[in-house]
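The following note sets out some points for discussion on the structure shown below. Comments are arranged by structural element, with a question at the start.

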Amino acid sequence: MLDVNVLMRALQDSADSVVITEVGASGCRPIVFVNPAFERMTGYSADEVVGEDCRLLNAGLERQPELDQLRDALVDGAHCRVTVENRRKNGTRFWNELSISPVRNADGEMTHFLGIQNDVTEQVLAQRELERRVHAVDSRHDEMRSKLYTDPLTEVANRRAFNEALTALWASDDAADRPFALLRIDIDFFEAFNDAYGETDGDRCLQDIARAIVLAVSDERATVARYMNDEFAVVIPGCDQARVEAVGEQIRVAVELLNIQRDDVPSRRVTVSVGGTVVEAYDTPALTIDQVQRYVDASLFVARGGRDIFLGTGNSVDIRPIAAQRLQPPPQGASTSSQQDAVRN
């Protein structure tokens, strides 16, 4: 059996801080032993802490979740390892990695707790500095991405972001993404408005309309973008013909309700023209993104002829949106070229 004197010498000479507390009545756990490493780490002498509770190291620092974990382990008589912020005798703070273990007598009764402590302040501060730098890098990355994909005036997505969203949606095999809708919104006679009222009012008009479009679309999965100058674009996953017609009209009405005054048009206010189309699940093998974009361009072109109008799927025009043709799935064995001819005709 190990000599008790050898055991005591080992505890005294340990480079790790050692503290032993007694399990007293009413949950009291007075300190009965500390080694010289504890004295060096905390600044307290053995005479100052023996009989005291270890909580003296947490004075003013009680609101730490790790202390709740530590208290639960003391009540349950379980092993526990936590890193907590403590306070030295001189008031300076340090980070203490504390491991506690229950000590039981021959009858299995818990009589003491053994605590091994290490000052890990340098490691904690180094980790925090690393996390700060990573956060700074992430913030700069997010800022750069925001500048790369956001229109600075209207704060909606820019054309690059729209094209990438459309490309990703085009390649998606998620059934929830089909059918999807494309919308293009043009501010009627905006160049004349800008010339008449100046760039400041023109910029404010663009900003107000961008917000109105976002609110009218009201879909977290949708991408609303400033496509070019006075033109906006929207792509909506999982949007069928009925819904795109409703959304297109909501956009037109939302801009109308802004009641942005102008005196150079009969309506006496700023209006928009909206063109749209729907891509069904079975359209994509026979079409390209550029072809679909041309359908939307054509729809918007016709809508511009009327102004303050939504011309979307279901309208009877010479160049009709895809869904207006109600394409059926191609018959088995049909060639891609014949499918494309059907779409064109």
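Which strands are included in what covers the buried residues of α4? The points below begin with that helix.

1. Covering of α4. The model under review is a predicted one. In it, what covers the buried residues of α4 includes β3, β4 and β5. The buried residues of this helix are Leu-67, Leu-70, Ala-73 and Leu-74. Viewed down the axis of α4, they fall within an arc of 120°, so they line one face of the helix. An α-helix has 3.6 residues a turn, so residues three or four places apart point the same way.

2. Other side and geometry of α4. Pro-65, Val-75 and Asp-76 lie on the other side of α4 and are exposed. The helix has twelve residues, and the distance from its first C-alpha to its last is 17 Å, close to the 16 Å expected at 1.5 Å a residue. Gly-77 follows α4 and has a positive phi, near 65°.

3. Largest pocket. The space in the largest pocket is about 490 Å³. Its lining consists of 24 residues, of which Asp-53, Cys-54, Arg-55, Leu-70 and Leu-74 are the closest to the centre. Two or more lining residues come from each of β1 (17–22), α4 (65–76), β3 (80–87), β4 (93–104) and β5 (110–119). The largest share, five residues, is contributed by α4. Sorted by class, the lining holds twelve nonpolar, seven polar and five charged residues. Leu-70 and Leu-74 thus appear in two descriptions: both are among the buried residues of α4, and both are among the residues closest to the centre of the largest pocket.

4. Asp-53. This residue, also among those closest to the pocket centre, is found in the loop between α3 (46–49) and α4. Is Asp-53 buried or partly exposed? The relative accessible area of Asp-53 is 21%, and a residue counts as buried only under 20%, so Asp-53 is classed as partly exposed. Leaving aside residues up to four places away in sequence, Asp-53 touches Arg-29 and Ile-31. Between the C-alpha atoms of Asp-53 and Pro-30 the distance is 4.8 Å, although 23 residues separate the two in sequence.

5. Helix α5. Residues 121–149 form α5, a helix of 29 residues. From first C-alpha to last, α5 reaches 41 Å, close to the 42 Å expected at 1.5 Å a residue. Thr-121, Val-124 and Tyr-149 are buried in α5. The packing partners of the buried residues of α5 are β3, β4, β5 and α6 (159–171). Strands β3, β4 and β5 are also included in what covers the buried residues of α4.

6. Gly-275. A further position to inspect is Gly-275, which is placed in strand β9 (residues 272–279). Its relative accessibility is 0%, so Gly-275 counts as buried. Gly-275 and Val-296 are 21 residues apart along the chain, and their C-alpha atoms are separated by 6.0 Å.

7. Overall composition. The secondary structure of the protein comprises eleven helices and ten strands. Of the 345 residues in the protein, 40% are buried. Among contacts with a separation of 6 or more, 60% are between residues 24 or more positions apart.

Technical notes
Residues numbered from 1 in each chain as written. Predicted model: local features only at pLDDT ≥ 70, side-chain atom pairs only at ≥ 80, totals over all residues. Heavy atoms only, no water. 1 Å grid on protein atoms, 1.4 Å probe; cavity = no way out; pocket = protein on both sides within 12 Å on 5 of 7 lines; lining within 4 Å. Points joined across faces, edges and corners; volume = space filled by probe spheres on them. Helix = DSSP H or I, 4+ residues; strand = E, 2+ residues; numbered from the N terminus. Nonpolar A, V, L, I, M, F, W, Y, C, P; charged D, E, K, R; others polar. Expected span 1.5 Å × (residues − 1). Buried < 20%, exposed > 50% of the residue type's maximum accessible area, 1.4 Å probe, protein only. Arc of directions from axis to C-beta. Contact = heavy atoms within 4.5 Å.
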